[in-house]
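Hi everyone, thanks for making room for me today. I'd like to walk you through a fold, two helix pairs and a handful of loop residues. Let me put it up on the screen.

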Amino acid sequence: MAQQLSFDLPAKPALGREDFFVAPSNAMAVALLDPQFAWPSGKLVLTGPKGAGKTHLAHVWASQTGARILSAASLSEQLVPELAQGPVVVEDVPQIADDQDRQNALFHLHNLVLAQGHSLVMTGRGAPNLWGLTLPDLQSRVQAATHAELQPPDDQLLAVVLAKLFNDRQITPKPDVIPYLVAHMDRSFAAAAQIVRRLDQLSLAEKRSLTRPLAVRVLSEVREEAAENDASASC
């Protein structure tokens, strides 16, 4: 079949509260991030696997509280006084586990935000005690925060996540595609994002609609690649 050039344009995610589906796997985190909920320590750590909705929930909370959002990797001591004037979200904190300067900046931001009477949200993958921060005072303060964990998706949530990912790319799969994917794909948000991206690319390249046969093909390719990677890793 003839192929056309396709461009992997980034999808624009919908990050409003109405776009976030509440399920048993994330209900506790959603409740803890309600602006009416007062965290005993004034700070919250939001964790979960890649694609679980940490950034989405952070943006919802920020829109409701006026919080600033930035990545831990972009922190610096110079930014701390300005950031501490209001609530703050610092994303992907484990990424600075080996960066002493960024950890020092987050430590000072943490102390100043709370001293000013504002709230601090920190996000990352894995349990906070496993973030491996090398600044002991920062690690202890992270572990003292209220913890909200996003769990892997159940069938209902996975179906909604797939639908949202397709919608973010402004594409509509055939009705039997999402049920097939839910029944046969790896149960993770990262896998959902990968599969939707691959389906979008393939349908564009081959000028085909998103059908179940296309989904079967993509899942087969994804499994083959995973098996090859596992074999390479074991060598």
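So, let me start with a question: which backbone nitrogen does the side chain of Asp154 reach? It's the one of Leu157, and the distance is 2.8 Å. Before I go on, please keep in mind that this is a predicted model.

Let's stay with Asp154 for a moment. You'll find Asp154 in the loop between β5, which is 146-149, and α6, which is 155-168. Is Asp154 buried, partly exposed or exposed? Its relative accessibility is 28%, so Asp154 counts as partly exposed. Now, who does it touch? If you leave out residues up to four places away in sequence, Asp154 touches Ala23, Pro24 and Arg187. For Arg187 I also have a spacing: 33 residues separate Asp154 and Arg187 in sequence, and their C-alpha atoms are 8.0 Å apart in space.

Okay, let me zoom out. The protein has 235 residues, and buried ones make up 43% of them. Its secondary structure comes to 9 helices and 5 strands. If you read along the sequence, the pattern goes α-β-α-β-α-β-α-β-α-β-α-α-α-α. And here's a number on the contacts: take those with a separation of 6 or more, and 71% of them are between residues 24 or more positions apart.

Now for the helix pairs. I've got two of them.

The first pair is α4, residues 100-115, and α5, residues 136-143. These two pack at an angle of about 50°, and their axes are 9 Å apart. The cut-off for roughly parallel is under 35 degrees, and roughly perpendicular starts at 65, so α4 and α5 are oblique to each other. As for handedness, α4 and α5 cross in a left-handed way. Which residues meet there? On the α4 side we have Gln103, Leu106, Phe107, His110 and Asn111, and on the α5 side they meet Asp137, Leu138 and Arg141. Sorted by class, the contact of α4 with α5 has 3 nonpolar, 3 polar and 2 charged residues.

The second pair brings us back to α6, this time with α7, which is residues 177-184. Here the packing angle is about 130°, with the axes 10 Å apart. That makes α6 oblique to α7. This crossing, of α6 past α7, is right-handed. From α6, the contact is made by Asp155, Leu158, Ala159, Leu162, Ala163 and Phe166, and from α7 by Ile178, Leu181 and Val182. How do the residues of this α6 and α7 contact divide by class? We get 8 nonpolar, no polar and 1 charged.

Right, back to the loops, and to a couple of backbone angles. Most residues other than glycine have a negative phi. With that in mind, take a look at Asp92. Its phi is near 60°, a positive value in a residue that isn't glycine. Asp92 lies in the loop between β3, 88-91, and α4. With a relative accessible area of 32%, Asp92 is partly exposed.

Lys207 also has a positive phi without being a glycine, near 55° in this case. Where does Lys207 sit? In the loop between α8, 189-206, and α9, 212-234. Lys207 has a relative accessible area of 63%, so we call it exposed.

The loop between α8 and α9 also holds Thr211. Buried or exposed? Thr211 has 18% relative accessibility, and the cut-off for buried is under 20%, so Thr211 counts as buried. Leaving aside neighbours within four places in sequence, Thr211 is in contact with Lys174 and Val177.

Last one: Asn129. You can spot Asn129 in the loop between β4, 120-124, and α5. At 49% relative accessibility, Asn129 counts as partly exposed, since exposed has to be over 50%. And which residues is Asn129 in contact with, leaving aside its neighbours within four places in sequence? Those are Gln139 and Gln143. There's a spacing for Ser140 as well: Asn129 and Ser140 are 11 residues apart along the chain, and their C-alpha atoms are separated by 8.5 Å.

That's what I had. Happy to go back to any part of it.

Technical notes
Residues are numbered from 1 along each chain as its sequence is written. This is a predicted model: local features need pLDDT of at least 70, side-chain atom pairs count only at pLDDT 80 or more; totals for chains, interfaces and linings use all residues. Side-chain values use heavy atoms; hydrogens and water are left out. Axes are lines fitted to C-alpha atoms, for helices over the stretch in contact, and angles run from 0 to 180 degrees between N-to-C directions. Helices (H or I, at least four residues) and strands (E, at least two) are DSSP runs, numbered from the N terminus. Angles under 35 degrees count as roughly parallel, over 145 as roughly antiparallel, 65 to 115 as roughly perpendicular and the rest as oblique. A crossing is left-handed if the near helix is turned anticlockwise from the far one by less than a right angle, and right-handed if clockwise. Contact means heavy atoms within 4.5 Å. Ala, Val, Leu, Ile, Met, Phe, Trp, Tyr, Cys and Pro count as nonpolar, Asp, Glu, Lys and Arg as charged, and the others, Gly among them, as polar. Buried means under 20% relative accessible area, exposed over 50%, partly exposed in between (1.4 Å probe, protein chains only). A polar contact is a pair of N or O atoms within 3.5 Å; within protein, one must be able to donate a hydrogen and the other to accept it, and residues adjacent in sequence count only if both atoms are side-chain atoms.
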